[in-house]
Amino acid sequence: MIKVSLQWITEQLAGRLVISAGNEAAAAALSISNVTIDSRQVAPGDLFIAIKGPTFDGHDYAAQALAQGAAAVVVSRDMGLAGPQLLVENTRYALGQLAAAVKQKVAPITIAITGSSGKTTVKEMLATILRLHLQGAGEVLATAGNFNNDIGVPLTLLRLTYEHKYAVLELGANHRGEIAYTTGLTKPNVALINNVAPAHVEGFGDICGVARAKMEIFRELDSTGVAITPAHSDFHDLWVRELQGKNHWVFATSTNGSVEQSGAKVWAEAVQIDNKGCAEFELRTATAQSPVKLAVPGVHNVSNALAAASCCLAVGVPMATIASGLSSINPVPGRMWVHETGTGLRVIDDTYNANVGSARAAIDVLRTLPGHCIFVLGDMGELGADARAYHEEIGNYALQAEVNELYTVGVLSQSASDAFSGQQNGHHFDNKEALTAALLERVAAVPELTILVKGSRSAQMERIVEALLAHTEQQKKQRGETTC
């Protein structure tokens, strides 16, 4: 974070500084260069903000933070502490206020991303392209991990320094108003809706509620800002109507009439998929074109690449730099991470999260790959009252895609297996251990096998990936010992 005085922070938060008599001037002049909400991470000179959540209260750790060397604490009540206390009405809101003030002071060119899936992939594409564009003459701030909610976004903004020329921020939500709030903090120059699919439906009522919530990302765009949406979305007409009078860019994944009909500014032509499931295509605008070869599998990543390209073009990055950056992107762990074991087994780790759209995209990857393919699915969470119907939809989609086998585990995923059972290759398991044992039997029996594993974070499907890879490594070692 940039270095600021405690007095400046007090002014930004409209707070009241409570300090012991005689120490007023010294406390107000204190410099702060880091903010934390976790007392376990407090370092000397930090500002500790006591956030209150449903199962914890940071106020309980304010004294501990001061004892560990915090320069001051932000609290919502006078706790009679020995060190400086900055009193505010709501500490969670104060975190956002401070983040917004730091962002305004640094003033990086800001790109905000939301969508039901692909946010992290697009973010990584953007960060790679922008770093290539800067060529060392500045830094790019990008969201780390899943810091994309009303706490994560402020913490990301508080990492800004004057070296940051660009900020690439994921904005997620599980209820209406959350993106409106984080957009108000970030005030992006470019705002993207990557896609809309059933995800976190419980907090929005239905898929239309999801679409409306995503649109909150456009609220803070000024007259020079750019709103970007996909032409292939079911909500394309809604966005065109709602964004009338704004600078609205559309990207399209094909030229089968959609470019002309949607007025797309960025599109892909001549899309081809290689035997590893990776796409090659021609990136085009009305005035430029450049070939792109992706190293991440899945035709859905063509759409992600077009989204990233659109954002970069909107902030003036040359087409050649964009194409070069896209071609150099590596997979993100847990998101279509391909493990080529060298034993005839290919394991695709797509376990970071799951919803209907990303599960369909995973199946689309499998259908392009050679050999025997197994789709392993854990429960997809937060899908509301229609959760079983959504799981059944995935089972039917896998059946129509002619995936060879479907293995499921969890309460809801049995609906997917039941829908797939018409092919007699749908298998449901009560636990991951039994599922893993069955997969290992298939690994031993099938010479060329691809297993793609997917599920929501709560399903912890990464354990299956770990078990498969550990088994393969053990086999390699045994063969090596035999050879010696």
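## Buried polar residues, a capped helix and salt bridges

T450 has its place in strand β22, which covers residues 449-454. In this predicted model, T450 has a relative accessible area of 2% and is therefore buried, since residues under 20% count as such. The side chain of T450 makes a polar contact of 3.0 Å with the side chain of R346. Apart from neighbours within four places in sequence, the residues in contact with T450 are R346, I348, L366, L369, P370, H372, C373 and I374.

A second polar residue, S358, sits in helix α13, residues 356-367, and counts as buried because its relative accessibility is 13%. Its side chain is joined to that of K454 by a polar contact of 3.4 Å, and, when residues up to four places away in sequence are not counted, S358 touches S117, D350, N353 and K454.

Helix α8, residues 207-214, has G209, V210, A211, A213 and K214 as its buried residues. The elements covering these buried residues include β8 (109-114), α7 (178-186), β11 (190-193) and α9 (236-242). At the N-terminal end of α8, D206 acts as a cap, with a side-chain oxygen 3.2 Å from the backbone nitrogen of C208.

On the surface, V271, I273 and V299 make a nonpolar patch of about 200 Å². V271, one of these residues, belongs to strand β14, residues 266-273, and is partly exposed, with a relative accessibility of 35%.

The count of salt bridges comes to 15, and the table lists some of them.

| Pair | N to O distance |
|---|---|
| R40 and D38 | 3.0 Å |
| K123 and E124 | 3.4 Å |
| K187 and E220 | 2.9 Å |

The pair K187 and E220 links distant parts of the chain, for K187 is in the loop between α7 and β11 whereas E220 is in the loop between α8 and β12 (226-230), 33 residues apart. K187 is partly exposed at 45% relative accessibility, and E220 is also partly exposed, with a relative accessible area of 31%. Salt bridges with shared partners join K123, E124 and E170 into one network; within that network, K123 is buried, having a relative accessible area of 2%, while E124 is partly exposed at 28%. In the remaining tabulated pair, R40 counts as exposed because its relative accessibility is 72%, whereas D38, with a relative accessible area of 18%, is buried.

Conventions:
Residues numbered from 1 in each chain as written. Predicted model: local features only at pLDDT ≥ 70, side-chain atom pairs only at ≥ 80, totals over all residues. Heavy atoms only, no water. Helix = DSSP H or I, 4+ residues; strand = E, 2+ residues; numbered from the N terminus. Buried < 20%, exposed > 50% of the residue type's maximum accessible area, 1.4 Å probe, protein only. Polar contact = N/O pair within 3.5 Å; in protein donor to acceptor, adjacent residues only side chain to side chain. Contact = heavy atoms within 4.5 Å. Patch = residues over 30% accessible without salt bridge, like charges linked within 9 Å, V, L, I, M, F, W, Y side chains within 5 Å. Areas by Shrake-Rupley, 256 points an atom, 1.4 Å probe, with all protein chains shown as cover. Salt bridge = Lys/Arg side-chain N within 4 Å of Asp/Glu carboxyl O.
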